[in-house]
Amino acid sequence: PGRLEARGVGKSYRSGRGGTTVALTDLSLSVEDGAFVSLVGPSGCGKSTFLDCVAGLEPYDTGELLLDGRPITGPDPRTAVVFQDPSLLPWRSTADNIAYGMTLRRKGTAADRARKTAELVELVGLTGFERHYPGELSGGMRQRVNLARALATEPELLLMDEPFGALDALTREQLQVELERIRLAGRVTVLFVTHDIEEAVFLSDRVVTMTGRPGTVSSVFDVDLPRP
Ligand code: ADP
Ligand code: ADP
C-alpha cells in the first residue's frame, strides 16, 4: 500500500487574459511502498504543483498518476497532506485537534481513540501539552500537532510540502529528528518537498532533484547514510 507512480505528468495553469503557465512537463517518478522520497529543486520548478496533483487537489493535464495502481482522480482517504502553515482548530486542544478526524469518522471506540491520540502525542514529543490550545503553542509545536493529526488518519501516503519552511533552524532540526523517528517506523510512504538539500539527504531514502525547467528531473539518487 502507498505505492506511487507518476508517468509523464504535465500541468499548466491558466492565468488572466488567456495566458498559461507551464508548471510541470512530463514528470515521471515512482515511489515504492514505505519509502521516504524527497523532491528538491529551485523555486518555481513545480514541486508544489506535483504534490497538489498527487494529493488530488489539482487536476493534471497529461500523463498518469497512480496510487497502488489506481488513477488519482481527487482527494483520497489514504492520503494525508501537511503544508507549511498548520491550519489547526483554534478552539480545540492539542489532543482534540489530533483526534478530530478519528472522532468525525467514529473510528473505533472512544477508548481506542484516546489511546491512539496518546501514542501520537508521545511520538511527536508533545507530552504535557495535550490540553494546550494552538494559540498557546510555539510554531514548532503547532507543526507537531499538524503532523500527529495527519498520522492519526493512518495514511498510506503522507505528502509534505516544506513543512518546516516557516520555522527557525533549531526548531527545524528538532522536527527533523521527530520525522526521522516516523521514517524509521516505516509504516507510511512519504513524499517530502523541500528546497533544503541537506534536510532531504538527512531524511530520505531517495532524493529526486528537479531542474529549473518545470517538471524536469535532473537526477535521482539513493541516500546510503549510516542511520542512528
Ligand atoms: P515550486 O513548488 O517548485 O516552487 P510551484 O509548483 O509552486 O513550484 O510552481 C510551478 C510554476 O507554476 C511556477 O511558475 C508558478 O508560478 C506556477 N504556479 C503555481 N501555482 C499556480 C497557480 N495557482 N496559478 C498560476 N500559476 C501557478
Ligand atoms: P519547538 O521546538 O517545538 O518549536 P520551542 O523551541 O519553541 O519548541 O520551545 C522549546 C520548549 O519550550 C518546548 O519544547 C516547550 O517545552 C517549551 N515551550 C515552548 N512554547 C511554550 C509555551 N507557549 N508554553 C509553555 N512551554 C512552551
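This passage walks through two ligand sites, two nonpolar cores and a pair of loop residues. The model is a predicted one, and local features are taken from parts with pLDDT of at least 70.

Ligand 1 makes a good starting point. Around ligand 1 sit Tyr13, Thr21 and Ala23, along with an unbroken run made up of Pro42, Ser43, Gly44, Cys45, Gly46, Lys47, Ser48 and Thr49. By class, this shell holds six polar residues, four nonpolar ones and one charged one. Three polar contacts can be picked out. Glycine 44 takes part through its backbone, with a polar atom 2.7 Å from an oxygen atom of ligand 1. Cysteine 45 also uses a polar backbone atom, this time at 3.2 Å from an oxygen atom of the ligand. Threonine 49 instead brings in its side chain, where an N or O atom is 2.5 Å from an oxygen atom of ligand 1. On its own, ligand 1 would expose 560 Å², and the protein buries 61% of that area. Strand 2 (20-31) and helix 1 (47-54) are the elements that provide two or more residues of the shell. Helix 1 gives the most, with three residues.

Ligand 2 has its own set of neighbours: Phe129, Glu136, Ser138, Gly140, Met141, Arg144, Thr171 and Gln174. Sorted by class, that makes four polar, two nonpolar and two charged residues. A nitrogen atom of ligand 2 lies 2.5 Å from a backbone N or O atom of glutamate 136. Serine 138 reaches an oxygen atom of the ligand with a polar side-chain atom, at 2.9 Å. For glycine 140, a backbone N or O atom lies 3.3 Å from an oxygen atom of ligand 2. Taken alone, ligand 2 exposes 540 Å², of which the protein buries 52%. Two elements, helix 4 and helix 5, each give two or more residues to this shell. Helix 4 has the largest share, with three residues.

Helix 4 turns up again in the protein interior. In soluble globular proteins, nonpolar side chains tend to be buried together. Here the largest nonpolar core has 30 residues, and Leu158, Met160, Leu179 and Phe192 have the most contacts inside it. At least two core residues come from each of strand 6 (79-82), helix 2 (94-104), helix 3 (110-123), helix 4 (139-152), strand 7 (157-161), helix 5 (169-185) and strand 8 (189-194). Helix 4 supplies the largest share, seven residues. Methionine 160 shows how this looks from a single residue: setting aside neighbours within four places in sequence, methionine 160 is in contact with Phe36, Leu51, Val82, Leu147, Leu179, Val190, Leu191, Phe192 and Val193. There is also a second, separate core of 25 residues, which includes Leu4, Val9, Leu159 and Val208.

Two loop residues round things off with their backbone angles. Arginine 17, in the loop between strand 1 (4-14) and strand 2, has a phi near 55°, a positive value in a residue other than glycine. Arginine 17 counts as exposed because its relative accessibility is 91%, where the cut-off for exposed is over 50%. Aspartate 68 is found in the loop between strand 4 (62-67) and strand 5 (70-71). Its phi is also positive, at about 50°, although aspartate 68 is not a glycine. With 23% relative accessibility, aspartate 68 counts as partly exposed.

Technical notes. Residues numbered from 1 in each chain as written. Chains lettered and ligands numbered in written order. Predicted model: local features only at pLDDT ≥ 70, side-chain atom pairs only at ≥ 80, totals over all residues. Heavy atoms only, no water. Near = heavy atom within 4 Å. Polar contact = N/O pair within 3.5 Å; in protein donor to acceptor, adjacent residues only side chain to side chain. Areas by Shrake-Rupley, 256 points an atom, 1.4 Å probe, with all protein chains shown as cover. Helix = DSSP H or I, 4+ residues; strand = E, 2+ residues; numbered from the N terminus. Nonpolar A, V, L, I, M, F, W, Y, C, P; charged D, E, K, R; others polar. Buried < 20%, exposed > 50% of the residue type's maximum accessible area, 1.4 Å probe, protein only. Core = buried A, V, L, I, M, F, W, Y, C linked by side-chain atoms within 4.5 Å. Contact = heavy atoms within 4.5 Å.
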